[in-house]
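Please open the model in your viewer and display the whole chain. The tour below proceeds by selection, from the overall fold to individual side chains.

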Amino acid sequence: MKKLWTIITVCLLLMLVFAPAAFADGETPAEAAKIDTGDTTFVLVSAALVMIMTPGLALFYGGMVRTKNALSTLMQSFFIIGLVTVQWVLFGYSLAFGPDINHFIGSLDWVGLSGVGMEPNADYAATIPHQAFMIFQAMFAVITAGLITGAFAERMKFGAFVVFTLLWTTLVYDPMAHWVWGVGGWIRELGVLDFAGGTVVHIISGVSGLTIALMIGKRKGYGSEVMMPHHLPMTVIGASLLWFGWFGFNAGSALSANGLAASAFVVTHVAAAAATVSWVLTEWLYHGKPTILGAASGCVAGLVAITPAAGFVSLIPTVIIGLSAGIICFLAVAVLKPKLGYDDSLDAFGVHGIGGTWGAIATGLFASKAVNPAGADGLFYGNASQLTTQLLGVGISWVFAAIMTFIILKAIGLFLEVRATTEQEIQGLDLTEHGERGYAYQDFMTGSPIAFGSSASGVPQELVAKKTTLA
């Protein structure tokens with residue numbers, strides 16, 4: 001009993017000693033902080049808009065695969081929201097934006113968001129809570145990992161996908177984000193302009209996707225079977241959500257409800273509109289018919305291309321960037337891919353890798369300090385060196401993403417089976433990886449071997465191949 005009273009007495013004394021400091025800690029940030037409620041609201045809404053882009057991406061990709069792989073494709077994007085968010089909170093944010101170590105990586109000072117509180121961090125955003133900036137950036141990390149899945153859709157096992165996503169986000173995205181956006185990052189100090197993620201998001205995801213597609217090989221039947229999108233209305237809904245969410249992606253990167261945000265918002269929409277038009281017209285001339293898939297792909301291509309330039313260019317250059325993006329990305333998808341023969345299932349590289357590259361280069365052409373005094377003038381505004389700097393940033397992004405992705409996938413392959421087996425591909429990943437189907441009627445409508453039992457055994461292989469062509 002005496003020991004208990006001793007403990008209680010010590011606790012009370014400690015409370016009395018630290019009470020003034022506790023109250024002071026509660027008051028000092030409120031007095032010192034320069035939080036702007038308008039900016040904070042704007043960034044939080046923008047973060048929510050970027051978050052909805054990943055479910056939008058799930059629908060965009062999910063509608064383009066065959067019926068038997070619809071759920072597995074949706075699952076990849078949806079699961080990434082959880083996986084990357086947890087990684088970001090535990091250590092990802094600290095690696096990307098934590099105090100700089102030799103211009104290469106953030107320190108682990110902010111592990112578990114230690115020190116990332118409600119007061120602003122003036123290094124990144126002086127008028128919003130530090131946590132608001134953190135969660136806004138978390139949504140970028142989430143969707144970047146999601147973009148890669150379009151390249152290997154319909155053929156990667158879920159376990160390997162999970163391990164790859166975690167390692168890639170940690171070893172590729174986090175360092176790249178620090179290099180380009182982190183205080184002290186070496187690419188940032190080179191003067192590379194990337195307003196919202198041309199290098200950090202689109203180039204590294206597209207190039208990584210292409211690397212995986214080349215490493216694991218083509219889908220069974222690619223080039224000899226028709227592999228049509230199973231639900232284009234779903235894809236269009238996904239594209240619409242991406243277009244909508246992209247306003248938060250680009251305008252939100254101003255990190256303040258100001259004129260720069262308004263400019264980024266407007267050029268984002270204009271570029272998407274211009275690329276929609278140019279992709280459809282190019283497709284119409286090339287294939288003889290304009291398609292809704294082309295329109296949806298075009299709008300995304302325009303959004304990708306304007307992303308690095310959104311805070312640095314005016315309207316007429318934006319129209320040029322958007323129109324060019326629609327044509328360039330269409331040619332990458334319709335001409336380059338068939339000619340080279342790689343199986344980038346849903347054109348992650350053709351749209352994001354190529355579109356992001358064009359956007360980063362275009363920033364070096366059209367950037368103007370009249371739009372953003374904190375930026376730089378591009379080639380057409382008298383500063384040829386900025387184009388050289390942008391090309392350097394593009395080259396670094398390509399090489400880093402390709403090499404690191406190759407190493408990560410090779411390492412995973414030593415311990416896990418990365419690619420689905422032939423029989424699993426025939427049945428579809430929905431059933432073989434997740435034990436469920438997207439549509440109750442799909443067995444009868446597509447002739448999937450699932451209709452004949454729980455596996456394809458006992459079914460002549462020529463019948464299986466024939467019946468699963470459009471599955």
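A contact here means heavy atoms within 4.5 Å. By that criterion, residues 24 or more positions apart account for 74% of the contacts in the chain with a separation of 6 or more. The model is predicted.

**Whole chain.** Colour by secondary structure: the chain comprises 17 helices and two strands. Of its 471 residues, 56% count as buried. If a surface is then drawn, its accessible area comes to about 19300 Å², and carbon and sulfur atoms contribute 71% of that.

**Helix α9.** Select residues 259-287, which make up helix α9. What separation should be expected between the end C-alpha atoms of this helix? The 29 residues should span 42 Å at 1.5 Å a residue, and the end C-alpha atoms are indeed 42 Å apart, so expectation and model agree. Next, add Asn258, which caps the N-terminal end of α9 through a side-chain oxygen 3.2 Å from the backbone nitrogen of Leu260. Beyond the other end of the selection, Gly288 follows α9 and has a positive phi, near 95 degrees.

**Salt bridges.** Side chains of opposite charge can pair when their charged atoms come close. How many salt bridges does a search of the whole structure find? The search finds seven.

Select Arg219 and Glu154; the closest N and O atoms of this salt bridge are 2.6 Å apart. Arg219 lies in the loop between α7 (198-216) and α8 (232-251), and Glu154 in the loop between α4 and α5, so the pair ties together parts 65 residues apart in sequence. Are these two residues buried or exposed? Arg219 has a relative accessibility of 8% and therefore counts as buried, the cut-off being under 20%. Glu154, at 3%, counts as buried too. Extend the selection to Arg66, Arg155 and Asp343: with Arg219 and Glu154, these residues are linked in a network of salt bridges.

Move next to Asp347 and Lys337, whose side chains meet in a salt bridge at 2.8 Å, N to O. Asp347 is in the loop between α11 (315-340) and α12 (348-366), whereas Lys337 belongs to helix α11, 10 residues away. Both Asp347 and Lys337 are buried.

**Around Lys157.** Centre the view on Lys157, in the loop between α4 (130-148) and α5 (158-181). With a relative accessible area of 14%, Lys157 is buried. Which side chain does the side chain of Lys157 meet in a polar contact? The partner is Gln424, at 3.4 Å. Leaving aside residues up to four places away in sequence, Lys157 touches Glu417, Val418, Arg419, Ala420, Gln424 and Glu433.

One of these neighbours, Arg419, leads to a further pair: its side chain forms a salt bridge with that of Glu425 (2.6 Å, N to O). Arg419 is partly exposed at 21% relative accessibility, whereas Glu425 is buried at 6%.

**Nonpolar surface patch.** Finally, return to the surface and select Val163, Leu167, Leu171, Leu414, Phe415 and Leu416. These residues form a nonpolar patch, with about 580 Å² of accessible area together. Leu167, one of its members, is found in helix α5. With a relative accessible area of 33%, Leu167 is partly exposed.

Terms used:
Residues are numbered from 1 along each chain as its sequence is written. This is a predicted model: local features need pLDDT of at least 70, side-chain atom pairs count only at pLDDT 80 or more; totals for chains, interfaces and linings use all residues. Side-chain values use heavy atoms; hydrogens and water are left out. Helices (H or I, at least four residues) and strands (E, at least two) are DSSP runs, numbered from the N terminus. Buried means under 20% relative accessible area, exposed over 50%, partly exposed in between (1.4 Å probe, protein chains only). A polar contact is a pair of N or O atoms within 3.5 Å; within protein, one must be able to donate a hydrogen and the other to accept it, and residues adjacent in sequence count only if both atoms are side-chain atoms. Patches are made of residues with over 30% relative accessible area and no salt bridge: like charges are joined within 9 Å, nonpolar side chains (Val, Leu, Ile, Met, Phe, Trp, Tyr) within 5 Å. Accessible areas come from the Shrake-Rupley method with a 1.4 Å probe; for residues, only the protein chains shown count as cover. A salt bridge is a side-chain nitrogen of Lys or Arg within 4 Å of a carboxyl oxygen of Asp or Glu. The expected span of a helix is 1.5 Å times one less than its number of residues.
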